[in-house]
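The following exercises concern a sheet, the helix that packs on it and one residue of that helix. Please work through each task before reading its solution.

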Amino acid sequence: MVESTAFEKRQARKGLGSSNLPLSAVIGEDGKYKLKFMSQFQLTTELLKISSSQTWDEAKLEWNLIDLEKVSEKESEVCLCGKDPILEICIIQNKINNNIARVGNSCVKKFINKADKIFRSISQVKKNIDKSLNAETIDFAFEKKWINEWEKNFYLNIFRKRNISDKQKEYKTSIAKKILNSIKI
Ligand SMILES: [Zn+2]
């Protein structure tokens, strides 16, 4: 058994960029670490197969977040990395060849970090409608045409302000409700 160096382990823990590490890095004494590395390796391998670029560093830039879904345990899916079950699903599309992949949020956040921000923001506002959605969520809602440009600009203009009028608060809440009703998470 080949011992991996501390440096290699650190690199492996950093995740997705590590698919070109020497094989020795895969073999950790710690089974959990090994599994984590393997699943990240599997994710990059699978996504590279359906990307245009040959290297992960380039290929990861080809992918755009196009939708998000939260499913029940009954409807759970398997991630490209092999993780089963995944409940927070990100649908990503390749800008160059239009391929689509369904990947777990915990994998996607390593290369598209807005997905996780949207998941967290939506769950916060679902619990308390007076909280503000973050800019990532507002942007995403605009891209999906759930809100129009006026609503997007209005929200981004006032969402960090402490003192807003009742009328503004009413608009703000109605925009948030529109988004909560449209998003599948
Ligand atoms: Zn995964």
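**Exercise 1.** Determine the strand order and the pairing of the open sheet.

*Solution.* The open sheet has 3 strands in the order β1-β2-β3, paired antiparallel; strands pair if DSSP finds at least two bridges between them. Because β1 (63-70) and β3 (100-104) each have a single partner strand, they are the edges, and one side of each lacks a neighbour in the sheet. On average, neighbouring strands are turned by 30° against each other, direction ignored. The model is predicted: local features need pLDDT of at least 70, side-chain atom pairs count only at pLDDT 80 or more, and totals for chains, interfaces and linings use all residues. Residues are numbered from 1 along each chain as its sequence is written.

**Exercise 2.** Describe how β1 pairs with β2, and which helix packs on the sheet.

*Solution.* Strand β2 (residues 88-94) and β1 are joined by 7 bridges in the antiparallel sense. K70 has E88 of β2 as its bridge partner. Helix α5 packs on the sheet and touches β1 and β2, its direction making about 25° with that of β1. Such angles run from 0 to 180 degrees between N-to-C directions, with axes fitted to C-alpha atoms, for helices over the stretch in contact. Helices (H or I, at least four residues) and strands (E, at least two) are DSSP runs, numbered from the N terminus.

**Exercise 3.** Characterise the surroundings of K114.

*Solution.* K114 belongs to helix α5 (residues 114-127). K114 is partly exposed because 19 other C-beta atoms lie within 10 Å; 20 or more would make a residue buried and 12 or fewer exposed, with C-beta atoms placed from the backbone. Beyond its neighbours within four places in sequence, K114 contacts L65 and E136, a contact being C-beta atoms, placed from the backbone, within 7 Å. The C-alpha atoms of K114 and T137 are 8.1 Å apart, with these positions 23 residues apart along the chain.

Methods:
Contact = placed C-beta atoms within 7 Å.
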